[in-house]
Structure formats: C-alpha cells, structure tokens
Amino acid sequence: MASQADNRHTIILVQPTANKQSRTFLDYEKVSNAMDGVCQMFEKRLKEIYPHLRDITYDISDLYNYIDALADLSALVYSPEVNAYLPYNKEWVKKRAFAHLKRQAGQK
C-alpha cells in the first residue's frame with residue numbers, strides 16, 4: 001500500500017552527459033513510479049552497453065554508480081502543504097530508489 005507521501009506528482013530532471021542539450025525530464029504521478037523510471041533508465045543503459053546479454057543483473061552499488069555518473073539528476077516532488085514542487089538531489093533519489101527496490105523485493 002502506498003503512503004500518502006508516495007502519492008505525489010514527481011518530475012525527474014536528468015542530464016546524462018556534460019552536454020546541456022542532453023537535458024530532459026520525466027513526469028510521474030507518484031514517487032514510486034519515478035523511482036521505477038530511474039531504474040528503467042539504468043536498465044536501458046545496461047542493455048545498450050551489453051546488447052549480447054539476455055539477462056542482466058545488477059546490485060544497488062551499480063545503480064548508485066550510474067546515478068553518480070550522470071551529469072545531473074534531481075527530483076521535483078509536489079507538496080500540497082506549500083502548493084509547490086520541492087527539489088531533491090541525487091542522494092535523495094538514491095535513498096528513495098533503494099527503499100523502493102527493497103519494498104519490491106519484499107513483495108516477491
């Protein structure tokens with residue numbers, strides 16, 4: 001069951017490379033969906049690097065290294081209390097992604 005804090009519109013701002021033209025954003029209805037999106041970005045990158053591998057596994061340190069290697073990554077999470085989006089950095093995204101993956105693993 002999702003917490004109230006999870007049910008907040010979230011925008012992921014990402015700049016994969018130093019090139020400012022690589023900036024983009026991803027729009028999600030919930031924080032957990034945004035964390036899925038970050039993991040999917042990483043998994044897509046792994047498939048680009050290892051196209052010959054059918055099954056790719058990784059651990060949390062691999063995901064952290066990917067996030068750290070991005071030129072920029074941040075999240076804007078809507079807060080109804082202030083009627084605005086609150087900014088969060090890479091460290092916050094890493095912690096939330098870890099907690100999200102841990103919850104998913106516990107549900108299997």
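Let me start with one pair of residues: Ile-11 has Leu-76 of strand 3 as its bridge partner. Before going further I should say that this is a predicted model, in which local features need pLDDT of at least 70, side-chain atom pairs count only at pLDDT 80 or more, and totals for chains, interfaces and linings use all residues. Residues are numbered from 1 along each chain as its sequence is written, and side-chain values use heavy atoms, with hydrogens and water left out.

A word on terms: helices (H or I, at least four residues) and strands (E, at least two) are DSSP runs, numbered from the N terminus, and two strands pair if DSSP finds at least two bridges between them.

With that in hand, the sheet. Four strands make up an open sheet, in the order 2-1-3-4, and their pairing is antiparallel. At the edges are strand 2, residues 24–28, and strand 4, residues 84–88, each of which pairs on one side only. The average turn between neighbouring strands of this sheet is 25 degrees, with direction ignored; axes here are lines fitted to C-alpha atoms, for helices over the stretch in contact, and angles run from 0 to 180 degrees between N-to-C directions.

Strand 1, residues 10–15, is joined to strand 3, residues 72–79, by six bridges, and the two run antiparallel. Besides the pair I opened with, Gln-15 has Asp-72 of strand 3 as its bridge partner, and Val-14 stands opposite Leu-73 of strand 3. Towards strand 2, strand 1 pairs over five bridges, again in the antiparallel sense, and there Thr-10 stands opposite Tyr-28. Is strand 1 largely enclosed by the rest of the structure, or largely open? It is largely enclosed, because five of its six residues are buried, where buried means under 20% relative accessible area, exposed means over 50%, and partly exposed lies in between, using a 1.4 Å probe and protein chains only.

Strand 3 and strand 4 run antiparallel and are joined by five bridges, and in this part of the sheet Tyr-78 stands opposite Tyr-85 of strand 4. The hairpin of these two strands has four residues between them, and Asn-83 is placed in that loop. Phi of Asn-83 is near 55 degrees, a positive value in a residue other than glycine. Most residues other than glycine have a negative phi. Asn-83 is also exposed, with a relative accessible area of 58%.

Now to the helices. Helix 3, residues 90–107, lies across strand 3 and strand 4, and runs at about 75 degrees to strand 3. Its axis and that of helix 1, residues 31–49, come within 9 Å and cross at roughly 95 degrees, which makes helix 1 roughly perpendicular to helix 3, the cut-offs being under 35 degrees for roughly parallel, over 145 for roughly antiparallel, 65 to 115 for roughly perpendicular, and oblique for the rest. Among the residues making this contact (heavy atoms within 4.5 Å) are Met-35 and Val-38 of helix 1, and Trp-92 and Val-93 of helix 3.

Helix 1 also packs against helix 2, at an angle of about 90 degrees and with the axes 10 Å apart, so these two helices are roughly perpendicular as well. The contact is made by Val-38, Cys-39, Met-41, Phe-42 and Arg-45 of helix 1, together with Asp-62, Leu-63, Tyr-66 and Ile-67 of helix 2.

Which residues touch the most other members of the largest nonpolar core? Of its 21 residues, they are Ile-12, Met-35, Leu-73 and Val-93, a nonpolar core being a set of buried Ala, Val, Leu, Ile, Met, Phe, Trp, Tyr and Cys residues joined through side-chain atoms within 4.5 Å. Strand 1, helix 1, helix 2 (60–69), strand 3 and helix 3 each supply at least two residues of this core, and the largest share, eight residues, comes from helix 1. Leaving aside neighbours within four places in sequence, Val-93 is in contact with Met-35, Val-38, Ile-67, Leu-73 and Ala-75.

I will finish on helix 3, where Lys-95 is found. Lys-95 counts as exposed, at 60% relative accessibility. From Lys-95 to Tyr-64 the separation is 31 residues in sequence and 9.4 Å in space, C-alpha to C-alpha.
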